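Got a few minutes to poke around a protein together? Here's what we'll look at.

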Amino acid sequence: MSPALLLLCRPGFEKECLAEITAVAAELGHSGWARLEADSGFIRFECASALALYDALAPLVFARDVWPLLAEIDNLPAADRIAPILAALTTTLGTEAPAFGQLFCDTAEGDAYRATARFAGKFVHPLRQALRSDGRLLAKDDAKRPALHAFFPDSSRVWLGVDRPTLRPAWPMGVARLKFPASAPSRSTLKLEEAFQVFLGPAWRERLSDDRTAVDLGAAPGGWTWQLVKRGLHVDAVDNGPMNDELMATGQVSHHRADGFRWQPEHPVDWLVCDMVEQPARVAERMLDWLEAGWARQAVFNLKLPMKQRWACWRDIRERIAERLAGRQYELQARQLYFDREEITLYLALEDRP
Ligand SMILES: C[S@@+](CC[C@H](N)C(=O)[O-])C[C@H]1O[C@@H](n2cnc3c(N)ncnc32)[C@H](O)[C@@H]1O
């Protein structure tokens with residue numbers, strides 16, 4: 001098998017995913033290539049030094065999940081797919097390797113892969129049993145240990161790989177499992193909830209529990225504001241559009257009908273969030289204005305990417321952020337979230353504020 005990384009992404013973003021891994025690999029001294037299948041939701045990045053590249057990787061923006069391939073099997077017999085998988089693990093790892101902490105059966109998310117996804121969803125159970133009987137998998141899941149991944153391009157082929165827990169997404173394959181809260185004013189609410197979980201980690205609710213105030217630019221009808229109100233914050237919601245009545249009735253929201261690029265707070269706030277549909281570079285500059293002025297401690301914001309040059313657009317904005325914050329200490333995280341469409345979401349905080 002040729003060494004490679006498997007990267008999962010939003011279907012339709014294979015090009016961006018490849019551009020990003022190619023650029024990151026080059027920065028780390030590696031190179032590779034991939035044959036793209038449009039709208040598949042995955043790329044296989046062929047790279048002679050895939051394992052070393054994987055070890056050096058930080059979370060990527062356009063990849064929902066990434067792990068290196070260990071083995072691949074074609075022509076899995078329908079009557080017994082398990083035996084060849086166990087045999088491949090013995091050939092690749094020997095018999096003494098430590099047991100995996102978890103098993104994931106992965107598939108691509110693209111429309112063409114729906115039947116395979118259904119198959120993998122069922123197959124995970126007997127495979128898990130067999131791996132446990134074979135001593136390959138711990139009797140009880142342990143998320144802190146490397147996990148075994150079995151990716152099925154179709155039900156007769158499998159690519160096996162092992163991940164690093166620190167690079168593993170919050171949900172299997174990066175597909176956020178969040179329920180739409182009945183009282184939230186818009187589905188966008190899930191985007192901010194996912195952003196908090198991804199950027200702040202599993203203890204995100206505790207991290208928000210001491211915070212009191214937030215500003216939401218481009219807030220209407222109020223899905224993002226709703227998340228902040230739920231956590232007990234008072235929110236200044238800036239938008240010329242109408243806010244949801246129930247949300248306003250909580251008494252925790254002040255609605256300002258104003259231009260989000262001009263409005264300024266009277267006092268510094270704990271959080272700035274922004275979902276304005278505007279040019280991404282303009283939004284990023286405004287977020288930097290806020291943080292540099294000390295009007296907010298941290299920001300979560302959405303950048304709507306242009307149809308063409310989406311990767312280049314993000315790269316230029318990242319360079320601009322680095323340029324404006326040169327000499328400052330800051331935390332920047334960026335991800336195309338599961339609930340993001342033609343957009344990415346960023347977390348930015350200045351860490352050297354007085
Ligand atoms: C995608 S919607 C926001 C949805 C909202 N986050 C939610 O969860 O319900 C974008 C909003 O940005 C607002 N917007 C666009 N440009 C704006 C500006 N310059 N100032 C204030 N709001 C703006 C629009 O009126 C629109 O309500």
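Q: How many nonpolar, polar and charged residues make up the shell around the ligand?
A: Keep in mind that this is a predicted model. Sort the shell around the ligand by class, and you get 8 nonpolar, 6 polar and 3 charged residues.

Q: Which residues come nearest to the ligand?
A: There are 17 residues around the ligand. Of these, the ones that come nearest are Ser186, Gly223, Asp239, Gly260 and Asp275.

Q: How much of the ligand's accessible area does the protein cover?
A: Let's start with some contacts. A polar side-chain atom of Ser186 is 2.8 Å from an oxygen atom of the ligand, and a polar backbone atom of Ala220 is 3.2 Å from a ligand oxygen. On its own, the ligand has 610 Å² of accessible area, and the share covered by the protein is 76%.

Q: Why does the pair of Phe42 and Trp159 count as stacked or edge-to-face?
A: Searching the whole structure turns up 15 aromatic pairs. For Phe42 and Trp159, the ring centres are 6.0 Å apart and the planes sit at 75 degrees. The cut-off is over 60 degrees, so this pair is edge-to-face.

Q: Where in the chain do Phe42 and Trp159 sit, and how many residues apart are they?
A: Phe42 is in strand S2 (residues 42-46), while Trp159 is in strand S6 (residues 157-162). The pair links distant parts of the chain, with a separation of 117 residues.

Q: Is Phe42 buried or exposed?
A: Buried means under 20% relative accessible area. Phe42 has 9% relative accessibility, so Phe42 counts as buried.

Methods:
Residues are numbered from 1 along each chain as its sequence is written. This is a predicted model: local features need pLDDT of at least 70, side-chain atom pairs count only at pLDDT 80 or more; totals for chains, interfaces and linings use all residues. Side-chain values use heavy atoms; hydrogens and water are left out. Rings of Phe, Tyr and Trp (its six-membered ring) pair if their centres lie within 6.5 Å; planes under 30 degrees apart count as stacked, over 60 as edge-to-face and the rest as tilted. Helices (H or I, at least four residues) and strands (E, at least two) are DSSP runs, numbered from the N terminus. Buried means under 20% relative accessible area, exposed over 50%, partly exposed in between (1.4 Å probe, protein chains only). A residue is near a molecule or strand if one of its heavy atoms lies within 4 Å of it. A polar contact is a pair of N or O atoms within 3.5 Å; within protein, one must be able to donate a hydrogen and the other to accept it, and residues adjacent in sequence count only if both atoms are side-chain atoms. Accessible areas come from the Shrake-Rupley method with a 1.4 Å probe; for residues, only the protein chains shown count as cover. Ala, Val, Leu, Ile, Met, Phe, Trp, Tyr, Cys and Pro count as nonpolar, Asp, Glu, Lys and Arg as charged, and the others, Gly among them, as polar.
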